[in-house]
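Dear colleague,

Please find below the structure that I am handing over to you. My notes on what was found in it follow directly after.

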Amino acid sequence: MTGGAEWPDGVIREQSTTKPERRTVSRMNNFGQLFLGEVRKAFTGSIWYRMLLIGISIASLSVFGYAVSIPDKIAAGIPIENATAAAIRFWFMTLLGSGLFGVVFVAREFSSHSIARSVLLSHSRWRLFWAKTLVCALMGVLYAMVSAVLVLVSLPIISLVSEENATWSGEAGRTLFGIVVVVIISAPWGAVIGWMLRSNVSAVGVFLALTLVVDEGIFRLAPSVGRFTMQISMGAVYRDGKENALSPEWGAFVMGVWLVLGLTAAMITFRRRDVLGQ
């Protein structure tokens with residue numbers, strides 16, 4: 001493809017426009033190849049299914065532990081529909097596995113010093129950042145799909161354990177939707193922590209502390225402040241029923257704000273700091 005351009009001497013000469021187009025296509029192809037390479041890297045080894053199994057194990061113990069108490073809940077006047085929704089709500093704990101995958105997938109390259117090679121091969125820190133972060137998000141989708149299947153599969157097991165007829169309801173459906181959302185979001189959120197801290201040990205420690213202790217502690221001490229933390233906002237989305245928590249809609253909004261701010265800070269940090277700087 002060519003176009004005319006007038007030069008200073010007044011003569012119109014043909015000017016090729018194919019090179020910029022080729023560069024654009026090349027960039028797109030490079031990102032696609034980089035992304036596929038990161039996908040292959042994500043499924044190489046055992047990290048992806050080990051983290052999934054960690055989340056499933058913790059969640060299943062909580063789900064079936066609660067199922068044992070369902071007869072007491074019903075005796076106290078709680079409808080079986082509400083008790084069923086409360087039982088399946090514990091599948092939210094698969095977000096631990098999802099978030100841990102995001103943390104380790106990013107931070108391990110800094111810990112092993114292979115991040116410098118990845119930057120050189122990608123020719124762009126920006127492309128590498130988004131390729132790895134998108135892979136984490138897609139892994140979150142996979143974990144969420146597994147969680148949704150486990151929610152449905154667990155219903156007859158809940159009935160068997162509790163000796164009550166576990167009953168699906170609108171509340172259970174909304175709870176399931178919330179679980180899917182938070183499990184997906186947890187993976188790129190874990191990646192954010194990995195990008196920021198650049199160390200497997202410290203990033204995993206901070207992620208677990210924030211998820212299990214810090215946010216909950218802030219909420220207990222100052223509910224008006226703590227309800228805006230990431231984990232408490234996630235709890236609002238999967239309807240954990242905390243008093244003074246945000247509504248599911250506002251919880252989703254705050255969760256999204258945290259993710260956008262975290263990704264922005266992580267991207268700026270990665271672009272400006274030395275790749276091997278700690």
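A residue is called buried when its relative accessible area is under 20%, exposed when the area is over 50%, and partly exposed in between (1.4 Å probe, protein chains only). Please note that this is a predicted model, in which local features need pLDDT of at least 70 and side-chain atom pairs count only at pLDDT 80 or more, while totals for chains, interfaces and linings use all residues. Residues are numbered from 1 along each chain as its sequence is written, and side-chain values use heavy atoms, with hydrogens and water left out.

The chain has 12 helices and 2 strands; helices (H or I, at least four residues) and strands (E, at least two) are DSSP runs, numbered from the N terminus. The two strands precede the helices in the order of elements. Of the 278 residues, 43% count as buried. Taking contact to mean heavy atoms within 4.5 Å, residues 24 or more positions apart make up 75% of the contacts with a separation of 6 or more.

Helix α12 covers residues 248–272. Its buried residues include Gly 251, Val 254, Met 255, Leu 259 and Phe 270, and the buried residues of α12 pack against α5, α6, α7, α8 and α11.

Two of these partners also meet each other. The axes of α5 (residues 94–111) and α8 (residues 170–197) come within 7 Å and cross at roughly 30°; axes are lines fitted to C-alpha atoms, for helices over the stretch in contact, and angles run from 0 to 180 degrees between N-to-C directions. The two helices are therefore roughly parallel, a term for angles under 35 degrees (over 145 is roughly antiparallel, 65 to 115 roughly perpendicular and the rest oblique). Among the residues of α5 in this contact are Gly 99, Gly 102 and Phe 110, and among those of α8 are Ala 187, Gly 190 and Trp 195.

Val 141 lies in helix α7 (residues 125–162) and is partly exposed because its relative accessibility is 32%. Its C-alpha atom is separated by 7.5 Å from that of Val 183, 42 residues apart along the chain.

Finally, two loop residues have a positive phi although neither is a glycine: His 113, at about 65°, and Arg 239, at about 60°. His 113 sits in the loop between α5 and α6 and is partly exposed at 49% relative accessibility. Arg 239 is in the loop between α11 and α12 and is partly exposed at 25%.

Yours sincerely

Conventions. Expected span 1.5 Å × (residues − 1).
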